[in-house]
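Me: I would like a close look at one part of this structure, with its surroundings described residue by residue. Please keep it plain.

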Amino acid sequence: MSDAPPPVPALGHDEIHIWRTRWSGGAGEVAFASLLATYAGAGSPPIERGEHGKPRFPPPFDTLGFNWSHSGDVAVLAVGRGPAGFEVGVDVETVRPRARALELSKRFFAPDETAVLEALPDVDRLAGFLSLWTAKEAVLKAHGGGLSYGLHRVSFSFSAGVATPAHFDGDVGPASGWRIQPLTLGEGLVSAVAWRGHERRVRVFTFPL
């Protein structure tokens with residue numbers, strides 16, 4: 001790991017910051033903890049876990065929402081500021097063959113989503129599946145319920161490679177209250193970040209290890 005963390009840019013209420021680093025033996029989580037302490041400022045408390053394991057800061061530091069994800073050796077952190085209890089979710093997936101993608105969709109996705117995936121050419125189906133999966137995961141991680149809430153309860157329309165919120169069931173709804181943005185992190189990765197509220201500028205940074 002480098003001797004000192006990179007400088008942390010100012011984070012306004014109109015931005016989401018994304019940090020990418022390597023995930024090796026938990027090193028990514030250690031790096032993210034140091035970044036979050038800097039964002040939170042003097043007196044920042046230890047990170048705690050919610051009912052379903054979501055990391056968070058207790059009040060009054062809960063105006064800083066954050067979430068992380070890792071796949072393979074890549075880790076991603078999302079950070080944003082908002083009202084008390086502000087939450088953000090992020091998911092990243094490594095592109096690799098998934099022979100059971102349609103089977104998983106039939107089991108866990110909404111029927112309309114599976115129908116869209118079945119209609120895609122074979123060459124495009126994996127990308128479509130991962131775009132929907134990461135969008136769903138990002139929303140459920142921001143919500144705090146995680147996969148146990150039910151992937152089918154956050155359904156998306158999907159066209160031209162873009163997943164758009166369609167119907168969110170229960171207290172995660174309404175779908176219109178959410179912003180979901182795919183992230184461009186490089187070849188071989190599919191990722192998305194999600195939050196409730198107004199549009200924000202998403203900025204991507206690298207934490208060198």
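Which residues do ring pairs link into a cluster? Please start there and go on to the helix that holds one of them, then to other parts.

Reply: The model is a predicted one. Ring pairs join Phe32, Phe57, Phe66 and Trp68 into a cluster. A search of the whole structure gives 10 aromatic pairs.

Phe32 is one of the buried residues of helix 1. That helix covers residues 27-40, and its 14 residues should span 20 Å at 1.5 Å a residue, because the expected span is 1.5 Å times one less than the number of residues. The C-alpha atoms at its ends are 20 Å apart, so the model agrees with the expected value. The buried residues of helix 1 are Ala27, Gly28, Ala31, Phe32, Leu35, Leu36, Tyr39 and Ala40. Among the elements that cover them are strand 1 (15-22), strand 4 (64-71) and strand 5 (74-81). After helix 1 comes Gly41, with a positive phi near 90°.

Two other rings have a charge over them. Lys136 lies over the face of Phe109, 4.8 Å from the ring centre. The ring of Tyr149 has the charged end of Arg153 over it, at 4.1 Å from the centre.

A further arginine, Arg125, belongs to helix 4 (residues 122-143). Arg125 has a relative accessible area of 17%, and because buried means under 20%, this residue counts as buried. Its side chain reaches the backbone oxygen of Leu120 at 2.8 Å. Leu120 also appears among the contacts of Arg125 beyond four places in sequence, which are Leu102, Leu117, Glu118 and Leu120.

The last residue to describe is Leu189, which is found in strand 10 (residues 189-196). Leu189 has 14% relative accessibility, so this residue is buried under the same cut-off of 20%. Apart from neighbours within four places in sequence, Leu189 is in contact with Arg20, Val74, Val92, Glu93, Thr94 and Val95. One of these contacts, Val74, lies in strand 5 (74-81), and Arg20 lies in strand 1 (15-22); both strands are among those that cover the buried residues of helix 1. Ala84 is 105 residues from Leu189 along the chain, and the C-alpha atoms of the two are separated by 32 Å.

Methods:
Residues numbered from 1 in each chain as written. Predicted model: local features only at pLDDT ≥ 70, side-chain atom pairs only at ≥ 80, totals over all residues. Heavy atoms only, no water. Helix = DSSP H or I, 4+ residues; strand = E, 2+ residues; numbered from the N terminus. Buried < 20%, exposed > 50% of the residue type's maximum accessible area, 1.4 Å probe, protein only. Contact = heavy atoms within 4.5 Å. Phe/Tyr/Trp six-rings, centres within 6.5 Å; stacked < 30°, edge-to-face > 60°. Lys NZ or Arg CZ within 6 Å of the ring centre and 35° of its normal. Polar contact = N/O pair within 3.5 Å; in protein donor to acceptor, adjacent residues only side chain to side chain.
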